[in-house]
Amino acid sequence: MAHAAARSWALAALAALLCGSNAFVSEWRAPKRCTQILRRGISPRGAPSGRPTPLVVPKKEGPQWWDARNSASPVVKPPTEPNGQWRMWYYGRAGTEWAKGLKAFLPTGRIGCATSSDGLKWRRCKGPLEGGAVLDPSEDAFDSVHVGVGDVVQLPNGTLWMYYFGGGLDGLPNQGIRMQIGLATSEDGLKWQRAEGGQPVLSPGDEEDFDALFVAWPRVLPPWLTKGVKGIPKNQWYMSYHTAKFESTGLRWTAGAAFSPDGIHWKKAGPVLGPSSSGSWDSCGVGVRHLVVKENALTMLYEAVDDRGDHACGLAYSEDGVVWQRQDVPGRAAGGPILQKGEDGDWDSRVVGTPYLVPPLGDVWGPQ
């Protein structure tokens, strides 16, 4: 039944609200050229469409949970077998502080899990850590202050690899800002072990590099998903991440890319998509993004910021993961936006961001 319900969707674009502190779903009908506009709200057959619907709400299942204050940035995986469960990993926290007593300036902190039979109604899973979390900051490594989930890849043998990011006591101008990317593994999605001795698999660049401040929010495509993308080298893993830089005009965000032969050892390919011209909807750059393989190319749904600080989501495409072009969107500027914040009074009226795409079950969107 879960698969039948899911097939009635066109496409679910799952996103987390950075400041509204909920996770929600919007429907994006699978476009021929990825140019349709995201529709706000959930619209499986027979269900009303309209205002966007929160799926995971802080304190909904009680104040004892690890994410009692905020929940954000879901990574969503549909069932892999008939009558299986949808799974979601996301980050959040219960209070205003990170570990070590530091005041938090991002919605990150800890990582938890939720499951669903239909992709719409979700229940938190009780993990083995305090409050039901599944991954906490380390004691004294690069991620000792806060962590956040970036992506989860299921290997052919069923093992789960979580690419997460975290920050420690170093970093300027604030402790916790020098985020790095780590890897954890799990057999059940609840009990996770840090790989590589707890060391990062991708670190910030040197002082003169574009990603000197931090590397975070990784999205990872294994080679069995990108084998139809001719521009990506054979048997190479692909990672998309982003960083930021303080400039005279303010903070600017840029997406970077990296390749790996094994998903552990990565070589950076440099900046791949950054700010557009002043006055544009994405003039301050490209932040959190998610990628899918479609028609032997990569499609990116990305979060961006304009000169006023408003966040919105748009589209880009690439044939090799390095050279990216903003998608033509009818009636909009290059790239969009295709999803914007809600109206005053709506639960998502402050900001939308951190998108995650879930292709419709039963449809062919490149290699599966």
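Isoleucine 111 counts as buried, with a relative accessibility of 0%. This residue belongs to strand S6, which covers residues 110-116, in a predicted model. The chain has 368 residues, and 59% of them count as buried. Two helices and 21 strands make up its listed secondary structure.

**Around isoleucine 111**

- Isoleucine 111 and valine 147 are separated by 36 residues in sequence, yet their C-alpha atoms are 7.0 Å apart in space.
- Beyond the neighbours within four places in sequence, the contacts of isoleucine 111 include the aromatic residues Trp66, Tyr90, Tyr91 and Tyr164.
- Its other contacts outside that window are Ala133, Val134, Leu135, Val147, Gly148, Val149 and Met162.

**The chain as a whole**

- Counting contacts between residues at least 6 apart in sequence, 57% join residues at least 24 apart.
- The contact between isoleucine 111 and Val147, two residues 36 apart in sequence, is of this long-range kind.
- About 15,500 Å² of the chain is exposed, and carbon and sulfur atoms supply 50% of that area.

**The sheet of S12 to S15**

- Four strands form an open sheet in the order S12-S13-S14-S15, and their pairing is antiparallel.
- Strand S12 (216-221) and strand S15 (267-273) are at the edges with a single partner strand each, so one side of each has no neighbour in the sheet.
- On average, neighbouring strands of this sheet are turned by 30 degrees against each other, direction ignored.
- In general, strands of a sheet pair through backbone hydrogen bonds, in a parallel or an antiparallel way.
- Strand S14, residues 250-260, runs antiparallel to S15 and is joined to it by five bridges.
- One of the bridge pairs links phenylalanine 259 with lysine 267 of S15.
- The hairpin of S14 and S15 has six residues between the strands, and glycine 263 in this hairpin takes a positive phi near 80 degrees.

**Serine 138 in its loop**

- Serine 138 sits in the loop between strand S7 (122-125) and strand S8 (146-154).
- Although it is in a loop, serine 138 is buried, with a relative accessible area of 16%.
- Its side chain makes a polar contact of 2.5 Å with the side chain of aspartate 143.
- A polar atom of the serine 138 side chain also lies 3.2 Å from the backbone nitrogen of alanine 141.
- Apart from neighbours within four places in sequence, serine 138 is in contact with Asp143, Ser144 and Arg194.

**Cysteines**

- The structure holds zero disulfides.
- Cysteine 125 is in no disulfide, and the nearest cysteine sulfur, which belongs to cysteine 113, is 4.0 Å away.
- A pair of cysteine sulfur atoms must be within 2.5 Å to count as a disulfide, so a pair beyond that cut-off is not counted.
- Cysteine 125 counts as buried at 14% relative accessibility.
- Cysteine 284 is buried as well, with a relative accessible area of 6%.

**Cis peptide bonds**

- Leucine 172 and proline 173 are joined by a cis peptide bond with an omega of about 10 degrees.
- Proline 173 is in the loop between strand S9 (160-167) and strand S10 (180-186).
- Another cis peptide bond, also with omega at about 10 degrees, joins glycine 336 and proline 337.
- Proline 337 is placed in the loop between strand S19 (324-326) and strand S20 (339-340).

**Positive phi outside glycine**

- Lysine 100 is not a glycine, but has a positive phi of about 65 degrees.
- The loop between strand S5 (86-93) and S6 holds lysine 100, which counts as partly exposed at 46% relative accessibility.
- Threonine 354, also not a glycine, has a positive phi of about 40 degrees.
- Threonine 354 is placed in strand S21, residues 353-358, and counts as buried at 0% relative accessibility.

Conventions. Residues numbered from 1 in each chain as written. Predicted model: local features only at pLDDT ≥ 70, side-chain atom pairs only at ≥ 80, totals over all residues. Heavy atoms only, no water. Buried < 20%, exposed > 50% of the residue type's maximum accessible area, 1.4 Å probe, protein only. Contact = heavy atoms within 4.5 Å. Areas by Shrake-Rupley, 256 points an atom, 1.4 Å probe, with all protein chains shown as cover. Pairing = 2+ DSSP bridges. Axes fitted to C-alpha atoms, helices over the stretch in contact; angles between N-to-C directions. Polar contact = N/O pair within 3.5 Å; in protein donor to acceptor, adjacent residues only side chain to side chain.
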